[in-house]
Amino acid sequence: MGEGIAVSADIRSKSRKGLLQYTRIVLDPPIMKITMASCDCEGYTFRGHCWYIETLKQLVVSDERVREEVMKAKEELMRTEEDIAS
Ligand SMILES: [Zn+2]
């Protein structure tokens, strides 16, 4: 299994003005399951769960531009795996 598809974004903080929270998730291509998530905000650090990661997950399913990029990365990844197999 490869690295998966990494999606990252700087998400505007809803509690602190002017703060951008760097958030990253890694998706496993066949089923697009999240295999890794990282965010250095307090919520994630203490609870292992936070609003930023939820927002990023939502972006992947609802934002056309983000989804397109994910799909492109997915195709490329599948192609690479085929090349290795043949
Ligand atoms: Zn967070």
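These legends describe close-up views of a predicted model.

**View 1. The whole chain combines three helices and three strands.**
From the N terminus on, the order of elements is β-β-β-α-α-α. The strands thus precede the helices in the order β-β-β-α-α-α. The C-alpha trace spans about 50 × 25 × 15 Å along its principal axes. The chain has 86 residues, and 15% of them count as buried. Take the contacts between residues at least 6 apart in sequence: 37% of these join residues at least 24 apart.

**View 2. Three strands make an open sheet.**
The strand order is β1-β2-β3, with antiparallel pairing. β1 and β3 are the edge strands, each with a single partner strand, so one side of each has no neighbour in the sheet. On average, neighbouring strands are turned by 20 degrees against each other, direction ignored.

**View 3. β1 pairs with β2 over eight bridges.**
The sense of this pairing is antiparallel. Two facing positions can be picked out along the strands. Asp10 stands opposite Tyr22 in β2. Ile11 stands opposite Gln21, also in β2. Tyr22 belongs to the uncovered face of β2, while Gln21 belongs to the covered one.

**View 4. β2 has a covered face and an uncovered face.**
Gln21, Thr23, Ile25 and Leu27 make up the covered face. On the uncovered face are Leu20, Tyr22, Arg24, Val26 and Asp28. Two residues of the covered face, Ile25 and Leu27, are also listed in the largest nonpolar core. Helix α3, residues 64–85, lies across β1 and β2. This helix runs at about 160 degrees to β1.

**View 5. A hairpin joins β2 and β3.**
Four residues lie between the two strands. Met32 takes a positive phi near 55 degrees in this hairpin. The strands pair in the antiparallel sense over six bridges. Val26 has Met36 in β3 as its bridge partner. Val26 sits on the uncovered face of β2.

**View 6. The largest nonpolar core has 11 residues.**
Its members are Ile5, Val7, Ile25, Leu27, Ala37, Cys39, Cys50, Tyr52, Ile53, Leu56 and Val70. Four elements give two or more residues each: β1 (5–12), β2 (20–28), β3 (33–39) and α2 (51–62). The largest share, three residues, comes from α2.

**View 7. Tyr52 belongs to the largest nonpolar core.**
Which residues does Tyr52 contact, leaving aside its neighbours within four places in sequence? They are Ile11, Gln21, Thr23, Cys39 and Cys41. Cys39 is a fellow member of the core. Gln21 and Thr23 come from the covered face of β2. Ile11 and Gln21 also stand opposite each other in the sheet.

**View 8. α2 and α3 cross at roughly 80 degrees.**
Two packed helices are described by the angle between their axes and the distance between the axes. Here the axes of α2 and α3 come within 6 Å. Angles of 65 to 115 degrees count as roughly perpendicular, and α2 and α3 are therefore roughly perpendicular to each other. Leu59, Val60 and Val61 in α2 meet Val66, Arg67 and Val70 in α3. The residues of this contact divide into five nonpolar, no polar and one charged. Val70 has a second role in the picture, as a member of the largest nonpolar core.

How values were computed:
Residues numbered from 1 in each chain as written. Predicted model: local features only at pLDDT ≥ 70, side-chain atom pairs only at ≥ 80, totals over all residues. Core = buried A, V, L, I, M, F, W, Y, C linked by C-beta atoms within 7 Å. Buried ≥ 20, exposed ≤ 12 C-beta atoms within 10 Å, placed from the backbone. Contact = placed C-beta atoms within 7 Å. Pairing = 2+ DSSP bridges. Axes fitted to C-alpha atoms, helices over the stretch in contact; angles between N-to-C directions. Parallel < 35°, antiparallel > 145°, perpendicular 65-115°, else oblique. Nonpolar A, V, L, I, M, F, W, Y, C, P; charged D, E, K, R; others polar.
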